[in-house]
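Hi,

Here is the structure I promised to pass on. Have a look at it first, then read my notes underneath.

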Amino acid sequence: MTTLHAGTAPAELLRPVEAERAFRDPFEPSKRSRATAWVALFALLAAFPIVFSNPAVTSIGVFTMMFLVAAIGWNIFSGYSGYVSIGHAVYYGFGQYAVALLIEHWHVTPGASELAIIPLGGIVAAAVAVPVGLILLRVRKHTFIVLTIAAMFIFQLLAFNFAGFTGGSAGTNVVSPPWTGTVFNLPFYYIGLGAAILALLVSWGIRRSKYGLGLLAIRDDEDRAKGLGIRVTRAKLIAYVASAFFVGIAGGLYATFVGAVYPQFAFDPTYDLAIAVMVFVGGLGTLPGPVLGALVLAPIQQYFYIQFGASTLYLIIYGILFIVILLTLPAGVVPSISDRYRSWMASRQRRREEATPTVGGAMPVTVPAGPVGIDDGGAR
Amino acid sequence: MNLLEVDEVTKAYGGIQALAGCSMTFEEGKINGLIGPNGSGKTTLFNVMTGYERADSGSVHVAGTDVTAASPDQVFSLGVGRTFQLTRIFPRLTVVENLHVASQRDGGWMSEFSRWSSPSEKVRSKEVLDFVGLTRLAAEKAGNLSYGQQKLLEFACIMIARPKAMLLDEPAGGVNPSLLLHLGGRIKALNEEEGTTFVIVEHDMEFVMGLCDKVSVMHQGRCLCAGEPETVRSDPAVLEAYLGTDMREVAR
Ligand SMILES: Nc1ncnc2c1ncn2[C@@H]1O[C@H](COP(=O)(O)OP(=O)(O)O)[C@@H](O)[C@H]1O
Ligand SMILES: [Mg+2]
């Protein structure tokens, strides 16, 4: 008969460990170097249209910013919660129509005051996302995907059929600002960049908050998350609405920049494919993933669109790329690279430790190079 | 005082009567064992008690509060945490992140948007990780842990919320002997230092008999008998339920 007492655990299991080191991921770049990288990236983006002022290039830049905002926004919901939406074009559409119609109905003078309407595109999209989200989020992940696309088509049909309000298939036009030449694209570009920075700050804030941790827990095991006291419905809805807001901003930007809104381009079924590919390629559910994905893929997509727009060839390329990425790097580029980097660092450290025996305390940090610790005797 | 009370609970899955009028009480501050052959309804009882399943009839009370129709988060907020027969951790979160999912969710609306890794919370999670001996793996993805380590992590995830009661479903399953000894020590320590009540479903008789103050035996969805380990071990009905297995043999 064995009696158990608090102190019966083998001493080896309770070996004291340095507190601080345990909580830091030894292979993660420091806070400062990460912040520097972000600042450098956005400084480059800010300088871009000044260096490359050709309107054909800055126009691609504006579209890239639209995708950047939308991809970061989309990732806040779909990336963190694991609920993949392929119907966020609903909010792209609402953003476009809200801005176009408000400009029309309020007789907004073409120019800077039109741009001031763009945030309303986000707000209207977010407002629509509350009831729509409450309905769609009643179902779990796979069914949810199907419902999102269904909702998207419902709204597209509504936009076609409420012609008195939306202009139907003839679309709605926005009178372009009276700017000319190389500066025309700049305000749109910088509004997009500003919105992207805001989206990124929100995404970052969520990722490090208790709330965001709850979203990630929902992604991994929703029932368990609920069982640990997370209000799952509320958490999902908040993220859904936040992501709709940023996609709505992208829509508003599109409406004012392109100057025309049509149901099939506003509630565009391929829009979510484009966004999803960008986020998956970059790294679903990571902070830099959508940024990387959008900055690399949006210009390529835009270029293909300009070259072969009518043939929708770019969609075929996109579809193939999506499949290739899912098969080869299912976690996306950013997580895969960081995994490789970690294991490379770990093995390098191991080799260094083996080469220099730890005598005299002159050794630098010694960190376990993998899941070591309590051995369970091969139970797994 | 009885912290957990189950009264005449029934639960059927199609033709299978998983719980058939099960009544049981678990006293506050005690380490309770819950044993019984496979399929006798132990896991189902846990599910009903913690809101993961709804009883067909009967009632469940936690410290006097009726939780028969409560949801898992409501039961959890009453201070009843549980683990699962098949471990449920969040595989793509790190070990520390796993801990913080459960910790301190009572600060109201705004606190939700504060950092999960505040210094005070770090101290607490360090304490808990030290307690279960997983500190070295803090920054590792939970899915990379071995099964036994995941069992410990799941235990720690509940523990960090300082529940009044912890319901452990086969904590020793797939865990090697030295780790099991460690786990038993942790349970005993928590019970003595924090007064945590335990209900432990376990097939390892040595583990159960050595650890528990009281043992309840389930058979075919009912409570067969309950009492001190010594009494239960020699109960003829229990021997019968275990199909003639001599418990004295098993427990020796
Ligand atoms: N979700 C379920 N669906 C159908 N049958 C179930 C379910 N859960 C449990 N059962 C059945 O209920 C009975 C009791 O199961 P369980 O509570 O898991 O037993 P134990 O944990 O004591 O081994 C078993 O016959 C099992 O097959
Ligand atoms: Mg069971």
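Below is what turned up, starting with the metal site and ending with the surface.

Some ground rules: residues are numbered from 1 along each chain as its sequence is written, and chains are lettered from A and ligands numbered from 1 in the order in which they are written. This is a predicted model, where local features need pLDDT of at least 70, side-chain atom pairs count only at pLDDT 80 or more, and totals for chains, interfaces and linings use all residues, while side-chain values use heavy atoms, with hydrogens and water left out.

**The metal site**

What coordinates the magnesium ion (ligand 2)? Thr43(B), through OG1, and Gln85(B), through OE1, do so at 2.0 to 2.1 Å. (Donors are N, O and S atoms within 2.8 Å of the metal, or 3.2 Å for Na, K and Ca; water is not among the atoms, so sites may look incomplete.) These two residues sit 42 residues apart: Thr43(B) is in helix α1 (residues 42-49) of chain B, and Gln85(B) is in the loop between β6 (80-82) and α3 (95-102) of chain B. (Helices, H or I with at least four residues, and strands, E with at least two, are DSSP runs numbered from the N terminus.)

Thr43(B) is partly exposed at 26% relative accessible area, and Gln85(B) is partly exposed too, at 33%. (Buried means under 20%, exposed over 50%, partly exposed in between, using a 1.4 Å probe and protein chains only.)

**Around α1(B)**

Since 7 of the 8 residues of α1(B) are buried, the helix is largely enclosed by the rest of the structure. Leu45(B), Phe46(B) and Val48(B) are among the buried ones. Just after α1(B), look for Gly51(B), with a positive phi of about 85 degrees.

Elsewhere in chain B, Asn176(B) is in the loop between β7 (165-169) and α6 (177-194), and counts as buried at 13% relative accessibility. Asn176(B) is 28 residues from Gly148(B) in sequence, with 7.5 Å between their C-alphas.

**A surface patch on chain A**

Phe308(A), Leu313(A), Ile316(A), Ile317(A), Ile320(A) and Val324(A) make a nonpolar surface patch of about 470 Å². (Patch residues have over 30% relative accessible area and no salt bridge; like charges are joined within 9 Å, nonpolar side chains, meaning Val, Leu, Ile, Met, Phe, Trp and Tyr, within 5 Å. Areas come from the Shrake-Rupley method with a 1.4 Å probe; for residues, only the protein chains shown count as cover. A salt bridge is a side-chain nitrogen of Lys or Arg within 4 Å of a carboxyl oxygen of Asp or Glu.) Helix α16 (residues 313-328) of chain A gives the largest share, 5 residues.

Cheers
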